[in-house]
Amino acid sequence: MFGGIEAGGTEFVCAVGVDPQNITISEPMSTTTPAETFQKVIEFFRQQPAVESIGIGSFGPVDIHPNSPTFGYITTTPKPGWANTDFAGTISRALDVPVKFDTDVNTAALGEHKWGAAIGIDDFIYLTIGTGVGGGVMVGGRLVHGLIHTELGHILLPRDPAKDPFEGNCPYHKDCLEGLTTGPALQKRWKVSPKTLPVDHPAWELEAEYIAIALVNFACTLSPKRIILGGGVMRQTQLFPMIRRKFQTLLNGYLHHPAILEQIDDYIVPPTLGDSAGVLGAIALAQSA
Ligand code: ZN
């Protein structure tokens, strides 16, 4: 048996199991203080069968480099009380098990690779657009970690102030991908909850355009064989055909491959694990070598 923790800024979900058919998933636990939240996590695992190891996919920024003295920490997060928190170490010591640690999006990408929309595809991107934007990148069957970890949500995008006077709400960059496309950005730009915007509202054309520009940049840089788009904003499924069309238009035939020219519906896709991607990915991370 393996353990998994999906650690989000709003809630945590824990699980014990081996695959999507054989798994016990906890009720969501509100993310309060680190001490209180970890206590709930530890109690969940103490009530379950023993596990060989635990995988953690965490909100961040996080330190995911095993040789670093702060490996397993949530580092510079603005979330009150959570900066410089030893997450992996606390869980590992309390439950006396080895812990593997990665970003929430890398972990979800791992779940989609093992059981979801990227089975058998070793070069892909998993992008989530919700309250924030994050992305996991797999190249040659390995997740990209690099210097810190990927931050696909913070690539800079062109914005035409005449077309979109909303200057973006990323505290670091204003109009980066995250600053322009998240649920909170939509709310600020249109001054209503994005859930109440009709499917034919111009908000979605603009949203699709920003996302398509970002995907062109990722496709040209990383040459993914598939792009998975998840997160709360992408539950607006009308976005998918709009993004695919704009993506093709912007590329203008330059990436000359049937996957893009003819089979775009299989190239830019939703995740198939849905809300369980995070916690299943954490189980996959625990099982990884
Ligand atoms: Zn940014």
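**Figure 1. Cys170 is buried, with a relative accessible area of 3%, and its SG atom is one of the donors to the zinc ion.** The model shown in this and the following figures is predicted. Besides Cys170 (SG), the zinc ion is coordinated by His154 (ND1), His173 (ND1) and Cys176 (SG), at 2.0 to 2.4 Å. The angles among the four donor atoms run from 103 to 118°, and the site is tetrahedral. Every one of these angles falls between 85 and 135 degrees, so the four donors meet the rule for a tetrahedral site. Along the sequence, the donor residues follow the spacing H-x15-C-x2-H-x2-C. How accessible is His173? His173 is partly exposed, at 34% relative accessibility, whereas Cys170 is buried.

**Figure 2. Lys174 has a positive phi, in a residue other than glycine.** The phi of Lys174 is near 60°. Most residues other than glycine have a negative phi. Lys174 belongs to the loop between strand 11 and helix 4. With a relative accessible area of 42%, Lys174 is partly exposed, because this value lies between the 20% limit for buried and the 50% limit for exposed.

**Figure 3. Glu207 is buried but has no salt bridge.** Glu207 is a residue of helix 6 (residues 202–222). Which side chain of opposite charge is nearest to Glu207? That side chain is Arg189, at 4.5 Å. A salt bridge needs the nitrogen and the carboxyl oxygen within 4 Å, so the pair of Glu207 and Arg189 does not count as one. Leaving out residues up to four places away in sequence, Glu207 touches Ile129, Leu180, Thr181, Leu186, Arg189, Val233 and Leu239.

**Figure 4. Arg189 and Asp164 form a salt bridge through their side chains, at 2.9 Å from N to O.** Arg189 is in helix 5 (residues 183–190), while Asp164 is in the loop between strand 11 (142–143) and helix 4 (177–181), so the salt bridge ties together parts that are 25 residues apart in sequence. Are the two partners buried or exposed? Arg189 is buried, with a relative accessible area of 10%. Asp164 is also buried, at 1% relative accessibility.

**Figure 5. A salt bridge joins Glu205 and Lys246, with the closest N and O atoms 2.9 Å apart.** Glu205 sits in helix 6 and Lys246 in helix 7 (residues 239–251), so the pair connects parts that are 41 residues apart in sequence. Side chains of opposite charge can pair when their charged atoms come close. Glu205 is partly exposed, at 35% relative accessibility. Lys246 counts as buried, at 16% relative accessibility.

**Figure 6. Asp275 and Arg235 meet in a salt bridge between their side chains, at 2.8 Å from N to O.** This pair links distant parts of the chain, 40 residues apart. Asp275 lies in the loop between strand 13 (268–269) and helix 9 (277–287), and Arg235 in the loop between strand 12 (226–230) and helix 7. Asp275 is exposed, at 63% relative accessibility, and Arg235 is exposed too, with a relative accessible area of 59%. Elsewhere, which residues are joined into one network by salt bridges that share partners? They are Lys163, Glu205, Glu209, Arg245 and Lys246. The count for the model comes to 11 salt bridges.

**Figure 7. Ser223 is exposed and has a positive phi.** Where is Ser223 found? Ser223 is in the loop between helix 6 and strand 12. Its phi is about 50°, although Ser223 is not a glycine. Ser223 counts as exposed because its relative accessibility, 53%, is over 50%.

**Figure 8. The peptide bond from Gly60 to Pro61 is cis.** Its omega is near 5°. Most peptide bonds are trans. Pro61 is placed in the loop between strand 5 (54–58) and strand 6 (73–74).

**Figure 9. Leu95 is a buried residue in helix 2 (residues 87–95).** The relative accessible area of Leu95 is 18%, which is under 20%, so Leu95 counts as buried. Not counting residues up to four places away in sequence, Leu95 touches Ile42, Phe45, Arg46 and Ile54. From C-alpha to C-alpha, Leu95 and Gly57 are 17 Å apart in space, and 38 residues separate their positions in sequence.

**Figure 10. The chain is divided into domain 1 (2–107 + 275–287) and domain 2 (119–271).** Domain 1 contributes 10 residues to the contact, and domain 2 contributes 14 residues. Taken over C-alpha atoms, the centres of domain 1 and domain 2 are 27 Å apart.

Terms used. Residues are numbered from 1 along each chain as its sequence is written. This is a predicted model: local features need pLDDT of at least 70, side-chain atom pairs count only at pLDDT 80 or more; totals for chains, interfaces and linings use all residues. Side-chain values use heavy atoms; hydrogens and water are left out. Donors are N, O and S atoms within 2.8 Å of the metal (3.2 Å for Na, K and Ca); water is not among the atoms, so sites may look incomplete. Four donors count as tetrahedral if all angles lie between 85 and 135 degrees; four count as square planar and six as octahedral if opposite donors are over 155 degrees apart and all others between 65 and 115; anything else is irregular. Buried means under 20% relative accessible area, exposed over 50%, partly exposed in between (1.4 Å probe, protein chains only). Helices (H or I, at least four residues) and strands (E, at least two) are DSSP runs, numbered from the N terminus. Lys and Arg count as positive and Asp and Glu as negative; His and the chain ends are not counted. Contact means heavy atoms within 4.5 Å. Domain bounds come from an automatic or database domain assignment.
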